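This report looks at the overall build of a protein chain and then at the pairing of its charged side chains.

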Amino acid sequence: MPRCQPVSPAPVVTVVGIGADGWPGLAPVSQEALRGAEVVIGGPRQLGLLPGECAAERVAWPSPLRPAVPGLLAAHAGRRVCVLASGDPMFFGIGRTLADAAGPAALRVLPHPSSVSYACARLGLPLEEAEVVSLVGRPLAALTAALHDGRHLLVLSAGSDTPAEVAAHLRSRGFGPSRMTVLEQLGAPAERRVEGTADDWPHPPGDALNVIAVACRRTPGALRLPLTPGLPDDAFEHDGQLTKRHVRAATLAALAPAPGELLWDVGGGSGSIAIEWMRAHRTCRAVSVERDPARAPRITRNAEALGVPALRVVTGAAPAALAELPAPDAVFIGGGLTAPGLLAACWEALPPGGRLVANTVTLESEALLTEWYRRHGGELTRLAVAHAVPVGGFTGWRQAMPVTQWSAVKPTDPDPHTAPEGNFQS
């Protein structure tokens, strides 16, 4: 007998993407869905694009939007509900919020070409070669990590002032020669295009509905920020409390960031480990825990300057400051190893398969790491770096303090008898 297949629940919300071309630009299936709706929810601009033949009750999104979604859907349960969205609802749009609130199976999504697709069509730019950065509800600092010489960016604008703000940001980051093209009202009769460079952006604010194309050009001599770990030390503001470049690169290799993972950076200092973790992939997350109230704001400034403004900074002493944090996928301990209970708390917080990396330059902490290595395995490594420096009229080596590093992966079936014994603080 054939196997019975589970029946998916019928969608309760139809999500219709609409462009600046309004009702005439909609596919027949989208027009039919809107004509048959009892309730249409959307922004005032989208709702204003509907003709009189759409007789549904029109409901504008409240502000703030995201927390209101579940209640708004519940208020219209049992009715034929359509939600209007700009362009492709599942591309930086309301579709994600609706899927989170109602579940993907509850949605019927009818997309329209996104503004990014329109922009690539106008520019003759292959879509796969453009990196998209949204500044809608996000700080300008989110643009920094995408700035690389020769790259093409498409920036989703937050409004009419965004092009000038992007131009100023490009100048401040050493990308003043970059060519900017602002595409307004894409797909509509009022579509317009203005161009210039960030160094001499000449245009006043235009239409709020715009996409900014940036052909990145770096000013000669400007600081270059590569993708691989080990940014130059002078890329960070610091007071000397900084994991230096070569040790930092080795530390990030041991931490092994992967998309979507969360890092605890304990003893953040300048925040360099957490920042480089987040730069590894746009979905990587990190919490930097720093007890010094003067250093914590510095970590935030570094995160903004280096393109990861979403880094969360917690001011407080570990392990107490770790108690309310979400479970990490990896932990780096860069300071305070001998604080009672710190290492044990970090190890306990890791799920099976989670990684822990700890660095130290003191004999006391090295003894602690040696004991944990004996009990839990992993790798115990001595990292030594020397730099060539002038010695009179000659050149010699200056040795930096060696760093002892313990790295380990928490086993999937931990042995309850492997906790360090009482002579060592944990």
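A contact is counted here when heavy atoms lie within 4.5 Å. On that basis, among the contacts in the protein with a separation of 6 or more, 64% are between residues 24 or more positions apart. The model is a predicted one, and it contains 11 helices and 19 strands. The C-alpha trace spans about 80 × 70 × 45 Å along its principal axes, and of the 426 residues in the protein, 45% are buried. The exposed surface amounts to about 21,100 Å², of which carbon and sulfur atoms supply 55%.

The protein carries 37 positive and 39 negative charges, and the mean positions of these two sets are 2 Å apart. Side chains of opposite charge can pair when their charged atoms come close. A search of the whole structure finds 18 salt bridges, and the table gives some of these pairs.

| Positive residue | Negative residue | N to O distance |
|---|---|---|
| Arg-79 | Glu-57 | 3.1 Å |
| Arg-66 | Asp-100 | 3.8 Å |
| Arg-301 | Glu-237 | 2.7 Å |

In the salt bridge between Arg-79 and Glu-57, the closest N and O atoms are 3.1 Å apart. Arg-79 sits in the loop between α3 (69-75) and β4 (81-86), while Glu-57 belongs to strand β3 (residues 57-60), so this pair ties together parts that are 22 residues apart in sequence. Arg-79 is partly exposed, at 33% relative accessibility, and Glu-57 is likewise partly exposed, with a relative accessible area of 38%.

A salt bridge also joins the side chains of Arg-66 and Asp-100, at 3.8 Å from N to O. Because Arg-66 lies in the loop between β3 and α3 and Asp-100 in helix α4 (residues 94-102), the pair ties together parts that are 34 residues apart in sequence. Arg-66 has a relative accessible area of 47% and counts as partly exposed, whereas Asp-100, with 54%, is exposed.

Which residue forms a salt bridge with Arg-301? The partner is Glu-237, with the closest N and O atoms 2.7 Å apart. This pair links distant parts of the chain, since Arg-301 is in helix α9 (residues 295-305) and Glu-237 in the loop between β10 (210-215) and α7 (245-255), 64 residues apart. Salt bridges that share partners join Glu-237 and Arg-301 with Asp-239, Asp-292, Arg-295 and Arg-298 into one network. Arg-301 is partly exposed, with a relative accessible area of 38%, and Glu-237 is partly exposed at 35%.

Terms used:
Residues are numbered from 1 along each chain as its sequence is written. Side-chain values use heavy atoms; hydrogens and water are left out. Helices (H or I, at least four residues) and strands (E, at least two) are DSSP runs, numbered from the N terminus. Buried means under 20% relative accessible area, exposed over 50%, partly exposed in between (1.4 Å probe, protein chains only). Accessible areas come from the Shrake-Rupley method with a 1.4 Å probe; for residues, only the protein chains shown count as cover. Lys and Arg count as positive and Asp and Glu as negative; His and the chain ends are not counted. The place of a charge is taken as NZ of Lys, CZ of Arg, CG of Asp or CD of Glu. A salt bridge is a side-chain nitrogen of Lys or Arg within 4 Å of a carboxyl oxygen of Asp or Glu.
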